[in-house]
Amino acid sequence: MEKIKSMIAWGDSILKGVVSNGDSKDFEITPNDSLSLVGNKLGIQIANKSIYGATIQKLRRTQQKNFRVGISAEFGLIESGSNDCDFEWSEVCKNPNAPYAQKCLLEEFCKILEEMILDSRQNKITPIVITPPPLVTKWWFKNICLGLDEKIISDFLGGDKEKLFQSQELYSEAAKNIAQNLNAQIIDVRAEFLAQGDFEKLMCLDGIHPNEKGHEFMARIFEREFPRLKKEF
C-alpha cells in the first residue's frame, strides 16, 4: 500500500491534546498528543485544526474556511460528539425549570457530519470518522459540578448520572451510522477504550480527556489503522 503523506484533522480537545488534573477548565496541551505521536512515528504530515471546546458547528466552519484558502491533504479526520451532547450547565443552574437542549441537537449533528464528509470528498480529501473516548461518568459529573449546584444538576439528570455516558454514546453511534451510510471509513476509538475494561487508567481525572497514557494508546490505534486506510482519490 502506498505510504500516507498528509492528513488534516478537524476535532475537539480530544485530538487537540488537552490534558487536565480534574478540572476541564484548567488544562494544558500535551506535546505528546496522539496525532503528533503517530505523525512522527509514521512520517505523516498532519495539519491539526482541532479546537478546544468545539462542537461540530465550529468544526464545520473551520473546515469551510480551510477549503476556501485551498488547504489539501490525502485524508481528513473528523472527530466530534462529546461537546455536542453536553449542556450549558451554568444556565441550567440559573433556571433549572426552563427547557434546555444540548449544545448541538442530534439531528443537526448528523446533518453537519454528513456535510463535512461530503465536502471533504468534494475537495478530493478522503474522510475518516473518529469516535471520541468514552466518558468516565463519576469523574465527568464531578467536573461539571465544580462551582455549580450539584443537586440541581443531579435533578436535571433525573438522578441518573449515567445519562451523561449514554448521551455521548448515542452521538458516537450516530456518527458511525452516518459514516457507514456514506461508505466513509471509521476508526472507533471509543470501542477500543471500552475494550480495555479499566479504561479509566487512560483518562484524565476530569473524566473526558485522555491522559498521557491515553494519548499513547490512541497513537497505537492510529499507528495500526492509518496504514489500512484506503484513499478515495
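A cavity, as I use the word here, is a set of grid points where a 1.4 Å probe fits but cannot get out. I worked throughout on a predicted model.

**Entry 1: cavity**

I searched for enclosed space and found one cavity of 30 Å³ or more in the structure. I noted about 40 Å³ of space for the largest cavity.

I then listed the residues around this space. The lining of the largest cavity consists of Ile56, Ile78, Glu79, Ser80, Phe109, Leu113, Val129, Ile130 and Ala175. I sorted this lining by class and got seven nonpolar residues, one polar and one charged. I also checked which elements contribute: β5 (75–79), α5 (106–122) and β6 (126–130) each give at least two residues to the lining of the largest cavity.

**Entry 2: largest pocket**

I turned to open space next. The largest pocket holds about 350 Å³. I counted 21 residues in its lining, and those closest to the pocket centre are Ser24, Lys25, Asp86, Lys103 and Trp140.

Which helix gives the most to the lining of the largest pocket? I found α6 in that place, with three residues. I recorded α1 (13–16), α4 (89–94) and α6 (137–144) as each supplying at least two residues of this lining. By class I have eight nonpolar, eight polar and five charged residues lining the largest pocket.

**Entry 3: second largest pocket**

I put the second largest pocket at about 180 Å³ of space. Its lining has 14 residues, and Cys85, Phe87, Lys163, Leu164 and Ser167 are the closest to its centre. Helix α8 (residues 162–181) gives the most to the lining of this second largest pocket, with four residues. I split the lining of the second largest pocket by class into eight nonpolar, four polar and two charged residues.

**Entry 4: whole chain**

I went back to the chain as a whole and read off 10 helices and seven strands. The radius of gyration is 17 Å, and the globule rule gives 17 Å for 233 residues, so I wrote the chain down as being as compact as a globular protein of that length. I took the spans of the C-alpha trace along its principal axes as about 55 × 35 × 30 Å.

How much of the chain counts as buried? I have 53% of the 233 residues in that class. The chain exposes about 10900 Å², and I attribute 49% of this area to carbon and sulfur atoms. For contacts between residues at least 6 apart in sequence, I found that 80% join residues at least 24 apart.

**Entry 5: two residues**

I looked up Ser36 and found it in helix α2 (residues 34–42). Is Ser36 buried or exposed? I logged Ser36 as partly exposed, because its relative accessibility is 28% and that class runs between 20% and 50%. I took one distance from Ser36: its C-alpha atom is separated by 9.1 Å from that of Gly17, which is 19 residues away along the chain.

I then looked up Thr126, which is in strand β6. The relative accessible area of Thr126 is 0%, so I logged Thr126 as buried, the cut-off being under 20%. What is Thr126 in contact with, leaving aside its neighbours within four places in sequence? I listed Glu74, Phe75, Gly76 and Gln185, along with Lys230, Lys231, Glu232 and Phe233. Strand β6, where I found Thr126, is also one of the elements I had noted for the lining of the largest cavity.

Definitions and conventions. Residues are numbered from 1 along each chain as its sequence is written. This is a predicted model: local features need pLDDT of at least 70, side-chain atom pairs count only at pLDDT 80 or more; totals for chains, interfaces and linings use all residues. Side-chain values use heavy atoms; hydrogens and water are left out. On a 1 Å grid over the protein atoms alone, a cavity is a set of points where a 1.4 Å probe fits but cannot get out, and a pocket is an open set with protein on both sides within 12 Å along at least five of seven lines; lining residues have an atom within 4 Å of a point. Grid points are joined across faces, edges and corners, and a volume is the space filled by probe spheres set on the points. Ala, Val, Leu, Ile, Met, Phe, Trp, Tyr, Cys and Pro count as nonpolar, Asp, Glu, Lys and Arg as charged, and the others, Gly among them, as polar. The radius of gyration is taken over C-alpha atoms; the globule rule is 2.2 Å times the number of residues to the power 0.38. Buried means under 20% relative accessible area, exposed over 50%, partly exposed in between (1.4 Å probe, protein chains only). Contact means heavy atoms within 4.5 Å. Accessible areas come from the Shrake-Rupley method with a 1.4 Å probe; for residues, only the protein chains shown count as cover.
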